[in-house]
Amino acid sequence: MSGDAILDEFRDAGALLEGHFILSSGLRSPVFLQKMRIFEDPVRTARVCGALGALIRETFGQVDMVVSPAIGGIIPGYETARALGCKAVFVEREDGEFQLRRGFEIPAGARVVMVEDIVTTGLSSRECIAAIRKHPGELLGAACIVDRSNGKADIGVPLVALTRLDVPAYPADQLPPELAAIPAIKPGSRALA
C-alpha cells in the first residue's frame, strides 16, 4: 500500500483534518490525523494494518510479538499482530511510567516489534521501547502507520512507516500568523505533555 493510498484511507474516512490543532505533545499544527476514524471501520483497519504487517515482515522478518502503547496503539497493534500471525500485548501507565501489566510477558528469545499508530515527536514510542527493554525479548525495531516527523523523530530503534509526512508543528508561542488567526482545538484523547 503506497503512502498516497494510506492518505486516501484517512481522507475517505474523514480522518485527515485541517485547521488549528493542539497535539498531545502540546505543539500546534494545521493538520490532524484522527486515527480513530480509521479504526472505527474493521475492514479499513484490517486493510491498513495488514499493509503495516507486510512492511514489518519485509523489514524485520519473523515477528513473535507486537507491543504497543495504550491506549491509541492497542487497535493497530492488535490488528497488525493478527496480520503477522503473532501475539499482541500493550504497555500502559502505572505511576506515570509505561509497563506491562495484566500478566503480559515478553519471553526470552521473542522477536518483538513495537507498533504505534502515528509518530510525531516519538515520546510515547521511546517510553514504550524503554518498557520493552526491561524484558528479555529481542527488540527488532518499530513501525507506525504515519510518521508525522518525516523521519526526524529519533526513537532509538529503526522505525518503518507506511507513509511519512512533513507536517509542520509549532510551539504555541511561535505560531505563523495564518495559524494564530484560527481558534485552536484539541481533538486527541491524551493529556498534554
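A contact here means heavy atoms within 4.5 Å. By that criterion, residues 24 or more positions apart account for 65% of the contacts in the protein chain with a separation of 6 or more.

This is a predicted model: local features need pLDDT of at least 70, side-chain atom pairs count only at pLDDT 80 or more, and totals for chains, interfaces and linings use all residues. Residues are numbered from 1 along each chain as its sequence is written, and side-chain values use heavy atoms, with hydrogens and water left out.

**Overall build**

The protein chain holds six helices and eight strands. Both are DSSP runs numbered from the N terminus: helices are H or I with at least four residues, strands are E with at least two. Starting at the N terminus, the order is α-β-β-α-α-β-α-β-β-β-α-β-β-α. The radius of gyration is 16 Å, close to the 16 Å that the globule rule gives for 193 residues, so the chain is as compact as a globular protein of that length. That radius is taken over C-alpha atoms, and the rule is 2.2 Å times the number of residues to the power 0.38. Along the principal axes, the C-alpha atoms fill a box of roughly 55 × 35 × 25 Å.

**Surface and charge**

About 9,200 Å² of the protein chain is exposed, and carbon and sulfur atoms supply 51% of it. Areas come from the Shrake-Rupley method with a 1.4 Å probe. Of the 193 residues, 46% are buried, that is, under 20% relative accessible area. There are 21 positive and 24 negative side chains, and the centres of the two sets lie 2 Å apart. Lys and Arg count as positive, Asp and Glu as negative; His and the chain ends are not counted. Each charge is placed at NZ of Lys, CZ of Arg, CG of Asp or CD of Glu.

**Helix α4**

Helix α4 spans residues 74-84; its buried residues are Pro-76, Gly-77, Glu-79, Thr-80, Ala-81 and Leu-84. Their cover includes helices α2 (36-39) and α3 (42-60), plus strands β3 (65-69), β4 (87-94), β6 (111-119) and β7 (138-147). Gly-85 follows α4, with a positive phi near 70°.

**Cysteines**

The structure has zero disulfides, a disulfide being a pair of cysteine sulfur atoms within 2.5 Å. Cys-49 is in none. The sulfur of Cys-128 is too far from its closest cysteine sulfur for a bond.

| Cysteine | Closest cysteine sulfur | Distance | Relative accessibility |
|---|---|---|---|
| Cys-49 | Cys-144 | 12 Å | 0%, buried |
| Cys-128 | Cys-144 | 13 Å | 0%, buried |

Technical notes: Buried means under 20% relative accessible area, exposed over 50%, partly exposed in between (1.4 Å probe, protein chains only).
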